[in-house]
Amino acid sequence: MSNQTAAAPPVAAQRNNYAQAMVIIAALFFIFGFVTWLNSVLIPFLQQACELTDTVAYLVTFAFYISYVVMAIPSSVILKKIGFPRGMSLGLLIIAAGSLIFIPAAQMRSYPLFLVGLFTQGTGLALLQTASNPYVTILGPIESAAKRISIMGICNKLAGIIGIFVLAKLLFSDTEAVSAKIATLVGAEREAELDLLASRLVVPYAVMAGVLVLLAIFVRRSHLPEINQDEDAAQAGGADKYGRKSVFDIPYLLIGVLSIFLYVGVEVLAIDTLTNYGTYTGLAKDVASHLAIYCLFAFGVGYMLGVALVPKVLSQKNALMICAIMGIVFTAGALLTSGMTSIVFIILLSFAHSLMWPGIWPLAIDKLGRFTKTGSALLVMGIGGGAILPLIYGAIVDAMGGNRQIPYAIMIPCYLVILYFAVAGHKKGLPAK
């Protein structure tokens, strides 16, 4: 293919392309955060507007994150055919299409159609993630990959803070009055009021779709450099220089995929359940709907520490190890306390999560060579943990008669697996330097 055979550009051009690429990738990570973390507001909103149980409400996260499992390998195939930059632009357009689906879903107050929109958004994000994460990892030395990913994470969480704040204001500014009014209505009047409530989603998602289309056009015209990791492409049917014939011959990658699956699961669980957990402890819904902002702020603090400390003071694996231990400690704190103290421990979990993705991803993708794109697709499939763990949590909540605290115990085994990856798993089958 032409992007694999073209001569390398001059060093100066490479440096200019590097700076431009980092800025554009940062903008894409901003989009990841804006779209992804709106789910923490959507879950309680749709639970009220569509009158859902906890288990059914967490189908929001299931529909959104299961798309990563379904679409990650197809995304890898698409990227091999059209390259990273075009893949990013296509991903943005798909997210825009998913956002547009929210308009008829809100007008009809159709929960299944909302789920279709969420799945479509996740499909676009799967393509973007499959392209962007290896892109930012490969653009510089692997030893400082966690630092670059941390910078991208700051953009991601800043976008989430802005998105949650704006959407919560639009949806929950008068929630107590609306809830009280709905409680007094029955029949057609109740349905009409719920329809009016759901229609609040039309304008924000229409605006989001427009912005995404404009960004897709910008990315397409920005001439991002192509990244070629298929140096062993001529041997695609045989072993690479380390004797590996497929990704299934790479144990540290497979353990990394499991670690990503569990990490994303606990990350999403800690944030997207917090509004409902806040109301469970006695907070008003308009107050509880802003709790996720503190989670994203805690994430941002952790990312900034990562930028400052990794790899100069802390190695990627040691940072990951510390974060996994903090996850265990903070979960225990959330389970053994109550009220606002327990909420604070849940918020602190996001601080513990901040360096998990930046730690797991580069350790899992190191020395993959021609398996980089397929390995990246498998890691992106691991994002499906965000679909499964919240759904399990919601089912346990319903099974326990509405207790929203004890089910958080499912997070502890997840941190133990991540701790194993940090201590030993990342070295299983890693080629010698």
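Buried here means under 20% relative accessible area, exposed over 50%, and partly exposed in between (1.4 Å probe, protein chains only). This is a predicted model, where local features need pLDDT of at least 70, side-chain atom pairs count only at pLDDT 80 or more, and totals for chains, interfaces and linings use all residues. Residues are numbered from 1 along each chain as its sequence is written, and side-chain values use heavy atoms, with hydrogens and water left out.

**Exercise 1. Work out which residues of helix α21 are buried and where they sit around the axis.**

Step 1: get the helix. Helices are DSSP runs (H or I, at least four residues), numbered from the N terminus. By that rule α21 covers residues 411–423, 13 residues in total.

Step 2: check the length. The expected span is 1.5 Å times one less than the number of residues. For α21 that gives 18 Å, and the model reaches 19 Å from first C-alpha to last, which is close.

Step 3: list the buried residues. They are Met411, Cys414, Tyr415, Ile418, Leu419, Phe421 and Ala422. These residues are on the same side of α21, because they cover an arc of only 155 degrees around the axis (the arc is taken from the directions from the helix axis to the C-beta atoms).

Step 4: find the partners. Using contact as heavy atoms within 4.5 Å, the buried residues of α21 pack against α12 (251–272), α16 (316–336), α17 (339–353), α18 (356–365) and α20 (385–399).

**Exercise 2. Describe the surroundings of Gly302.**

Step 1: place the residue. Gly302 belongs to helix α15 (residues 291–309) and is buried, at a relative accessible area of 2%.

Step 2: look along the chain. Ser354 is 52 residues away from Gly302 in sequence, yet their C-alpha atoms are separated by 5.2 Å.

Step 3: collect contacts. Skipping neighbours within four places in sequence, Gly302 touches Phe351, Ser354 and Leu355.

**Exercise 3. Trace the salt bridges made by Glu51 and Arg109.**

Step 1: set the rule. A salt bridge needs a side-chain nitrogen of Lys or Arg within 4 Å of a carboxyl oxygen of Asp or Glu. The count comes to 9 salt bridges.

Step 2: take Glu51. Its partner is Arg190, with the closest N and O atoms 2.6 Å apart. Glu51 lies in the loop between α3 and α4 (54–57) and Arg190 in helix α10 (residues 187–198), so the pair ties together parts that are 139 residues apart in sequence. Glu51 is partly exposed at 41% relative accessible area, and Arg190 is partly exposed at 23%.

Step 3: take Arg109. This residue follows α6 and has a positive phi, near 50 degrees. Arg109 pairs with Glu191, the closest N and O atoms being 2.3 Å apart. Glu191 sits in helix α10 and Arg109 in the loop between α6 and α7 (111–138), so this bridge links parts that are 82 residues apart in sequence. Arg109 counts as buried at 15% relative accessibility, whereas Glu191 is partly exposed at 34%.

Step 4: extend it. Arg109, Glu191 and Asp195 are linked in a network of salt bridges.

Note on methods. Helices (H or I, at least four residues) and strands (E, at least two) are DSSP runs, numbered from the N terminus.
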